[in-house]
Amino acid sequence: MPGFAEERFAPLRKVFEDSFTSGAEVGAAVCVTIDGETVVDLWGGHADAAATRPWERDTILNVYSVTKTMAALTALLLADRGELDIAAPVARYWPEFAASGKDAITVAHVLSHSSGLSGWAEPITVTDLYDWDKATALLAAQAPFWEPGTASGYHVVTQGFLIGEVVRRITGRTLGTVFRQEIAEPLGADFHIGLPAEHDARVAELIPGSTDTMPFADPTELQRNAALPKLEVADTRTRAFRGAEIPAGNGTGNARSAATVLAVLANGGEAAGRRLLSEAGARRALEVQVEGPDLILEMPVRFGLGFAVNGGMMPNPNTIYWGGMGGSIVIADLDARLTFAYTPNKMATTIADTRGFTLLMAAWEAAGHL
């Protein structure tokens, strides 16, 4: 198995290797950092379904909603610098957003999926996601689907446009540009929101496990709306998709880059020898904004500022996490100063996919937290 794992993480390596032997994986990577130091960095398998391209050290792939954690960190960075007030109305930075009764919706509402804008009210196509001005103008014009702040309703695609437009209005740069210049490049992290064409040859092929992205037998109108426009796996293979900025779902990276970036939060604002946030600024991700049954996901979630916050199922209370459709998952454990990331290209067939969770449990156990 290419890569390395410290000796105490040998059980995690064994779990990872067995997942290929059993056929659970085609290609994947897993990475763990503790105190900002990489203790596990493993990859294996193939980057394509035909098994003609080995998964290399620098293979990257679309990680869907793991991208949301990178967008959230970008917002937290601006907040820590005093450029963004998370408690302020979105309209302070984006005046047009006040239309249709949205003048009181705050940046915190957007980061916690409780703004009421879980989808577009007007019909929208995949191609429209590549048109930043159109996607954001439609959101600015519409009314919320429920009273903001009263409940979360997972903003599947819209969250990235909402956060991104606030970032653009403050900085004059796109979110992907701010993320690259202020976070990814200083940390040496190979994660991109808007992938330049020269990296296309390194991108692993996502292998669909199911064509149904809404795993509910009888979805509500709100759930159906949140799943639109329906992105097919074939869309992710296009230059238009890869090159666009969809900060809720088209980030391209791997386990190493994701774990490296989130080490900033796990280690009090510092990673790779660079301080990006104050410790207080990093810990803001833990501030729970809303909790209870999510209107879209139909499961209880505690949402902080851009991340789900441990609700009692994880060993350390100050743990934040999120995952992406297909199985990618990221964790930042601020108590253990540990980050974990897992990025497969064989997509999950059910919402109950346990591949990443099994590896995560092995990581926590090896680190002495189980």
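**Notebook: helix crossing, pocket, backbone**

I looked up α2 against α10 and found that α2 passes α10 in a left-handed crossing (near helix turned anticlockwise from the far one by less than a right angle). This is a predicted model, where local features need pLDDT of at least 70, side-chain atom pairs count only at pLDDT 80 or more, and totals for chains, interfaces and linings use all residues. Residues are numbered from 1 along each chain, and side-chain values use heavy atoms, without hydrogens and water.

I noted the contact residues (heavy atoms within 4.5 Å). They are Thr69, Met70, Leu73 and Leu76 of α2, with Ala258, Val261, Leu262 and Leu265 of α10. I sorted them into seven nonpolar, one polar and no charged. Nonpolar covers Ala, Val, Leu, Ile, Met, Phe, Trp, Tyr, Cys and Pro; charged covers Asp, Glu, Lys and Arg; the others, Gly among them, are polar.

I turned to the second largest pocket. Its lining counts 16 residues, and Leu187, Gly188, Ala189, Arg256 and Thr260 lie nearest its centre. A pocket here is an open set of points on a 1 Å grid where a 1.4 Å probe fits, with protein on both sides within 12 Å along at least five of seven lines; lining residues have an atom within 4 Å of a point. α10 gives the most to this lining, with four residues. By class I read five nonpolar, seven polar and four charged.

I checked the backbone last. Leu228 and Pro229 are joined by a cis peptide bond, with omega about -5°. Pro229 sits in the loop between α7 (221–226) and α8 (233–236).

Notes: Helices (H or I, at least four residues) and strands (E, at least two) are DSSP runs, numbered from the N terminus.
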